[in-house]
Each structure stands twice: as structure tokens, then as C-alpha cells.
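Student: Please take one part of this structure and examine it closely: the salt bridges and the strands and loops that carry them. A connected account, with the criteria stated, would suit me best.

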Amino acid sequence: VQLQASGGGLVQPGGSLRLSCAASGSIASINVMNWDRQAPGNQRELVASITSGGSTNYADSVKGRFTISKDNAKNTVYLQMNSLKPEDTAVYYCNADITTLYPPTVGNYWGQGTQVTVSS
């Protein structure tokens, strides 16, 4: 199983970005998909998550500005980030709890990080 993240970049304060993360491989089901982020000198933190049933959860710092969504047919999760602030600058990582087909096990998988920089 592989997770491929994309969509990071440089944006001015108040701007928007959309991150994508596509899962591929021997996938039976995706139980939950998350976006985490880590800024220099800070611990990694959970930004948003979405379950297989579509339930979502957000960090207080991004509520009302970020929206997590998914496309089941594409095994892809998105993070729409609006009203971006300099403090949103970080490396963003997607990760997922996935049940694989062969062998039939549940594992936690991580994609490579994508840099988001919010600066004027």
C-alpha cells in the first residue's frame, strides 16, 4: 500500500490550497484517513480526519477554515484549506488505517509530506 500526497505550495495569508492524498495497492477497505502536520520545532499534530462512514473531526485551530473530504472510488482524501494563516505553515502528512486484501490485515500507512508555506 502506498499513499501519495500532493498539492502543497506557497500561498499568501488569506489564500487557499487543496491537498490530495491517493492510496493505492492491495486495499480491501480504508477505515480512516487523516491529515497531520508538523511545523519546525513543533510536535506533529492531527489536523483533520474522516472515517469510512464520512464522520469528520478537526483540530480547533482549523475548524471553520479547513474541510476534509474523500472520494471512495479513487481511494483519495482531500484537505481544502481556506483563510490560511502563517501559523498553518508546516509539512502536511496524510496517513490512513487500511485493511489490505493480501494478507488480510489492518495497518497504518503514511504518505510523504507536502510543504505548505503561508507567507506574504
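Tutor: Four salt bridges are counted when a salt bridge is defined as a side-chain nitrogen of Lys or Arg within 4 Å of a carboxyl oxygen of Asp or Glu. The model is predicted, so local features need pLDDT of at least 70 and side-chain atom pairs count only at pLDDT 80 or more, while totals for chains, interfaces and linings use all residues. Residues are numbered from 1 along each chain as its sequence is written, and side-chain values use heavy atoms, with hydrogens and water left out.

The general principle is brief: side chains of opposite charge can pair when their charged atoms come close. Here, R37 and E45 form one such bridge, with an N to O distance of 2.6 Å. R37 also forms a salt bridge with D88, the closest N and O atoms being 3.0 Å apart. This pair ties together parts that are 51 residues apart in sequence, because R37 lies in strand 4 (residues 27-38) and D88 in the loop between strand 8 (76-81) and strand 9 (90-100). Helices (H or I, at least four residues) and strands (E, at least two) are DSSP runs, numbered from the N terminus.

D88 in turn forms a salt bridge with R65, where the closest N and O atoms are 2.7 Å apart. R65 lies in the loop between strand 6 (56-58) and strand 7 (66-71), so the pair of D88 and R65 ties together parts that are 23 residues apart in sequence. Through shared partners, these salt bridges join R37, E45, R65 and D88 into one network.

How are the members of the network placed with respect to solvent, buried or exposed? The classes are set by relative accessible area: buried means under 20%, exposed over 50%, and partly exposed in between (1.4 Å probe, protein chains only). R37 is buried at 6%, and D88 is buried at 0%. R65 is buried as well. E45, at 32% relative accessibility, counts as partly exposed.

The R37 and E45 pair also appears in the backbone pairing. Strand 4 and strand 5 (45-51) run antiparallel and are joined by six bridges; two strands pair if DSSP finds at least two bridges between them. Within this pairing, E45 in strand 5 is the bridge partner of R37. The two strands form a hairpin with six residues between them, and G41 in the turn has a positive phi of about 80°. Strand 5 continues the pattern on to strand 6, with which it pairs in the antiparallel sense over three bridges. S49 stands opposite N57 in strand 6. Strand 5 and strand 6 also form a hairpin, this one with four residues between them, and G54 in the turn has a positive phi of about 95°.

The loop that carries D88 follows strand 8. S83 is in this loop, between strand 8 and strand 9, and has a positive phi near 50° in a residue other than glycine. S83 is partly exposed, with a relative accessible area of 39%. On the other flank of strand 8, N75 is in the loop between strand 7 and strand 8. Phi of N75 is likewise positive, near 50°, and N75 is partly exposed at 25%.

Strand 8 and strand 7 belong to an open sheet of four strands in the order 1-3-8-7, with antiparallel pairing. Strand 1 (2-6) and strand 7 stand at the edges, each with a single partner strand, so one side of each is left without a neighbour in the sheet. Strand 3 (residues 17-24) pairs with strand 8 over six bridges, and S20 stands opposite Y78 in strand 8.

Finally, the nonpolar surroundings. A nonpolar core is a set of buried Ala, Val, Leu, Ile, Met, Phe, Trp, Tyr and Cys residues joined through side-chain atoms within 4.5 Å. The largest such core has 31 residues, of which W35, F66, I68, L79, M81 and Y92 touch the most other members. Strand 4, strand 5, strand 7, strand 8 and strand 9 are among the elements that give two or more residues to this core, and strand 9 gives the most, with five. L79 touches residues including W35, V47, F66 and Y92, contact meaning heavy atoms within 4.5 Å.

Notes. Lists of a residue's contacts leave out its neighbours within four places in sequence.
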